[in-house]
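Hello,

I am passing a structure on to you, with a few notes to help you find your way around. Please have a look at it before reading on.

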Amino acid sequence: MLVCTTSISLGLYFVNPSKAHFLKATLTPSENLRFNSDIVITGSKSETNRLLLLQALFPNVALNNVSNSDDAQVMQAGLGKTEGEVDIHHAGTAMRFLTAFFATQAGREVLLTGSPRMKERPIKVLVEALQDLGADISYAANEGYPPLKIKGNKMTKEWVSLPANISSQYISALLLNAPHFENGLTLELIGEITSVPYIKMTLRLLDKIGVKTHFEGNTIQVWPKQGVNTTNMTVESDWSSASYFYSIMALAEAGSRISLTAYTQDSLQGDSVLQEIYRFFGVETTFADDTLTLTKKERPEANTHLELDLVNAPDIAQTIAVSCFALGISCDLVGLHTLKIKETDRLEALQTELSKLGAQIEVTDKSLHLKPSTKINEGVSIATYHDHRMAMAFAPLAFKVPLYVEDAMVVSKSYPDFWTDMEKLGLGVVMV
Ligand SMILES: O=C(O)C1=C[C@@H](OP(=O)(O)O)[C@@H](O)[C@H](O)C1
Ligand SMILES: C=C(OP(=O)(O)O)C(=O)O
């Protein structure tokens with residue numbers, strides 16, 4: 001049973017950080033690594049935060065299966081504000097999407113701010129693109145970083161160019177708000193485009209509600225649209241959250257099964273590439289209606305070294321690195337240049353925490369290299385650096401050896417039910 005020695009609810013924990021209580025999870029392995037479970041995961045936070053913004057622009061868009069994450073809650077709360085301070089805590093999408101939203105909504109005037117880490121996550125590229133389009137934005141503290149003073153304006157310009165190799169969220173932020181620009185918007189992307197599936201997700205959602213878009217080479221166009229027909233949009237469940245179950249299944253005994261709902265084969269989420277990646281570990285994926293079933297087969301003996309470019313799926317890098325370590329598989333993961341500016345410097349955090357467990361690991365500013373491991377140190381306390389994915393990526397290891405996860409409620413950024421779902425799989429979870 002999940003024992004909490006505090007009455008602080010997950011929502012309150014993030015909504016009122018002054019009351020934050022940093023619970024540590026004591027994790028004890030289940031009796032065996034054989035699984036036969038059904039898990040329900042809520043909507044993707046990426047799709048939800050896009051659709052919440054589109055719903056604010058087009059109120060007759062109705063949403064089902066929205067994410068119950070902190071990031072979705074702060075997005076929803078932010079969209080309702082017309083003045084004063086808007087605090088989006090740790091939510092990168094909310095910070096970027098709301099910057100463009102408030103800048104392009106005449107009559108709104110806000111100070112958009114976030115957690116201490118958010119104030120270190122760059123936003124200059126987006127601010128400069130919006131300023132080029134005529135927006136009134138200034139930095140309230142350090143140039144290039146939140147908090148931002150934003151006074152809403154109607155956008156009349158229709159063309160801007162911006163670097164595309166730092167974060168795709170800047171591009172999605174502009175595209176999502178573009179239907180309300182008088183003449184629509186054309187973006188000219190400079191340099192290698194990072195996290196492309198997230199841009200395609202934005203365009204596909206715009207298409208689904210009836211906004212015309214076109215993406216070819218390094219140019220993206222969005223046509224203006226005043227209103228849309230009543231549309232029911234069902235958010236697909238979160239594939240990044242599914243990654244932790246893939247990782248558990250990589251460790252599982254052959255014959256194990258875990259089913260996850262509600263997913264679609266034609267996913268908008270780039271992290272659905274997990275289906276192909278985890279075949280390497282012997283995890284097979286099948287679909288029946290909206291249920292995704294993971295089945296464990298024997299991993300082919302030859303699969304002892306994994307090479308992957310994760311430029312299109314950066315959020316599953318931590319999961320995959322831990323899966324490899326747990327199984328003594330060596331790996332070279334590249335395309336990781338965005339990891340340094342996420343919730344924490346994820347490359348540094350992975351190096352520190354995997355080393356504590358006994359890994360031989362090297363990182364550069366865009367790659368991670370792991371040697372085959374022979375043992376896992378037990379009883380290690382994993383620091384999470386305010387990063388939900390550090391907690392969740394390391395948890396599967398606890399099915400093999402006892403572990404502690406510090407500040408364990410950090411998971412609520414994207415997956416508040418994570419620890420309850422781990423318990424359903426038989427992991428011993430005690431919070432103190
Ligand atoms: O648009 C989105 O929903 C996201 C885009 C990605 O960020 P970058 O484009 O900064 O890599 C991803 O890491 C993040 O979790 C969600
Ligand atoms: C990077 C992430 O989120 P964001 O950038 O939206 O804070 C994430 O969820 O892994």
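**Between two domains**

Domain 1 (10-43 + 237-431) and domain 2 (45-234) both contribute residues to the shell around ligand 1, so ligand 1 lies between them. Please keep in mind that this is a predicted model.

Those two domains come from the domain assignment of the protein. Their C-alpha centres are 29 Å apart. Where they meet, 23 residues of domain 1 are in contact with 26 residues of domain 2. On the side of domain 1 that touches domain 2, there are 8 nonpolar, 12 polar and 3 charged residues.

Now to ligand 1 itself. Its surroundings consist of Ser-46, Thr-93, Ser-167, Ser-168, Gln-169, Ser-172, Thr-194, Ser-195, Tyr-198, Pro-314, Asp-315 and Thr-338. By type, that shell has 9 polar residues, 2 nonpolar and 1 charged. Which helix gives the most to the shell around ligand 1? It is helix α6 (residues 168-177), with 3 residues.

Ligand 2 has its own set of neighbours: Ala-91, Gly-92, Thr-93, Asp-315, Lys-342, Glu-343, Arg-389 and Ser-414. Here the split is 4 charged, 3 polar and 1 nonpolar. Domain 1 and domain 2 each supply at least three residues to the shell around ligand 2.

If you would like a place to start, try Thr-93 and Asp-315: they are listed around ligand 1 and also around ligand 2.

Enjoy exploring, and best wishes

Definitions and conventions: Residues numbered from 1 in each chain as written. Chains lettered and ligands numbered in written order. Predicted model: local features only at pLDDT ≥ 70, side-chain atom pairs only at ≥ 80, totals over all residues. Near = placed C-beta within 6 Å. Nonpolar A, V, L, I, M, F, W, Y, C, P; charged D, E, K, R; others polar. Domains from an automatic or database assignment. Helix = DSSP H or I, 4+ residues; strand = E, 2+ residues; numbered from the N terminus. Contact = placed C-beta atoms within 7 Å.
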